[in-house]
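Please open the structure in your viewer and keep the selection tool at hand. The tour moves from one selection to the next and says what to look for at each stop.

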Amino acid sequence: KHSLTLYLGKRDYVDHVQNVDPIGNSYFYTWHFLFVQLACAFRYGREDLDVIGLSFRKDIWFKHLQLYPAADHKPTLTPMHDCLLKKAGEQGHAFTFDIPVNLPCSVTLQPGPDDAGKACGVDFEVKTYISDVADPEEQLDKKDTARLIVRKIQFAPDATGAPGPKADICKSFMMSDKPVHLEASLDKEIYYHGDPINVNVKVKNETTKTVTKIKVTVDQTTDVVLYSADKYTKTVLCQEFGETIDANSTFDKSLTIIPLLADNKEKRGLALDGRLKDEDTNLASNTIMRDGMDKEVLGILVSYKIKVNLMVSSGGLLGGLTASDVQVELPLILMNPKPQEVSRWESKGELLSVRLIDPNVH
């Protein structure tokens, strides 16, 4: 018999665009072979179906390391390694994984109210396991493994000072020789989750019709590119403003919106930033593509757009006009801010420890 323990210094690893925090530090004792594996995988079906021979999990990337007997993996020890090895005892063995920069960030697809089992999405798992043979691909018994889910996350880049997006349209109507001008813009390029977003709206109504209200919506588009061309859009905010714009008049005002996960808890399939167990998270951050990246490796691509619609009265016998008759769209980037203070260990991304104990040895 044996006891296998996996220690973790932290569970969030930051994608800095040019590099990703490394994962490292492990522990073992006895006559078995000991391996540790880091896997990035995409789950796109119910976990409970795996037991009947159907697997809805696809590995995007994985790497094995042999920790015992000692192989050619000799990581540079860091203060976090030293701390965890001291906790593990004399049987400790250190390791480090370098996460490739082209891998996706952790994304969870929100399950429905009646869904059970592990949620679909992209996740990262550190798994350590023992084996009687030097074969990392051997079929494993769960009692011989220890697993922990970690997250690959990305923070918003430093402010570039670039202006926010702007869009405009000039729309003419039947039986009217003059148009409606609509312009919408954002104050900046990137917004943080939970922060107010000011949508600047300018209207010049040269027609004889009346704008009865303004509707602002935020749509999340999720593009599942790994296993199929599955692309869908879900509205995460729809807000109407009772602003009346009379014929031959102008309008210039900022309308404030805040798209939140709290208002979308029941929407199945909504993309969220990866979560650990049942802890809170937020709407998924935008997928940031680097030059030359293969988007299929990313598994799930997430983007947002804001739509501004003018609700125009019919103003005649020919029938009404719908909100879509005067509409503009703006791209929206939602991300998490960089923490104000990052510890020396966290900034370097040092991490992990594993322990396997033979209780017959004292």
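Begin by selecting Lys305 together with Pro331, a residue of strand β19, and you will find that the two stand opposite each other. To see where they sit, extend the selection to strand β18, residues 300–312, and strand β19, residues 327–335, which pair in the antiparallel sense over six bridges. Bear in mind from the outset that this is a predicted model.

Now widen the view to the sheet around this pair, an open sheet of five strands that runs in the order β12-β19-β18-β14-β15, with mixed pairing. At its edges lie β12, residues 190–192, and β15, residues 230–241, each of which pairs on one side only. If you look across the sheet, neighbouring strands are turned against each other by 35° on average, with direction ignored.

Staying in this sheet, select strand β14, which covers residues 211–224, and pick out Asp223 within it. Is Asp223 buried or exposed? Its relative accessibility is 13%, and because buried means under 20%, Asp223 counts as buried. To see what surrounds Asp223, leave aside its neighbours within four places in sequence and display the residues it contacts, namely Asp230, Lys231, Lys295, Gly299, Ile300 and Leu301.

The next stop is another sheet, open and made of four strands in the order β10-β11-β13-β16, where the pairing is antiparallel. Colour its edge strands, β10 at 166–171 and β16 at 249–257, and note that each of them pairs on one side only. In this sheet the average turn between neighbouring strands, direction ignored, is 15°. Then select strand β11, residues 180–186, and strand β13, residues 197–205, whose antiparallel pairing runs over seven bridges. Within that pair, Leu182 can be shown opposite Val203 of β13.

From the sheets, move to helix α1, residues 79–88, and select Met80, His81, Leu84, Leu85 and Ala88, which are buried. Where do these buried residues lie around the helix? Seen down the axis of α1, they fall within an arc of 125°, so they line one face of the helix. Such a pattern fits a general rule: an α-helix has 3.6 residues a turn, so residues three or four places apart point the same way. Turn to the other side of α1 and you will meet Lys86 and Lys87, both exposed. Just after the helix, select Gly89, which takes a positive phi of about 105°.

Finally, display the whole chain, which holds two helices and 20 strands. Of its 362 residues, 44% count as buried, while the accessible surface comes to about 18,700 Å², with 49% of it belonging to carbon and sulfur atoms. Among the contacts between residues at least 6 apart in sequence, 72% join residues at least 24 apart.

As a last step, colour the chain by pLDDT, which averages 79, with 78% of the residues scoring at least 70. Over residues 26–31 the pLDDT is below 50, and this stretch has 38 contacts in the model beyond near neighbours in sequence. Residues 342–362 also have a pLDDT below 50, and there the contacts beyond near neighbours in sequence come to 90. Where pLDDT is low, the predicted coordinates should not be read in detail.

Note on methods
Residues are numbered from 1 along each chain as its sequence is written. This is a predicted model: local features need pLDDT of at least 70, side-chain atom pairs count only at pLDDT 80 or more; totals for chains, interfaces and linings use all residues. Side-chain values use heavy atoms; hydrogens and water are left out. pLDDT is the predictor's confidence in each residue, from 0 to 100. Contact means heavy atoms within 4.5 Å. Buried means under 20% relative accessible area, exposed over 50%, partly exposed in between (1.4 Å probe, protein chains only). Accessible areas come from the Shrake-Rupley method with a 1.4 Å probe; for residues, only the protein chains shown count as cover. The arc is that of the directions from the helix axis to the C-beta atoms. Two strands pair if DSSP finds at least two bridges between them. Axes are lines fitted to C-alpha atoms, for helices over the stretch in contact, and angles run from 0 to 180 degrees between N-to-C directions.
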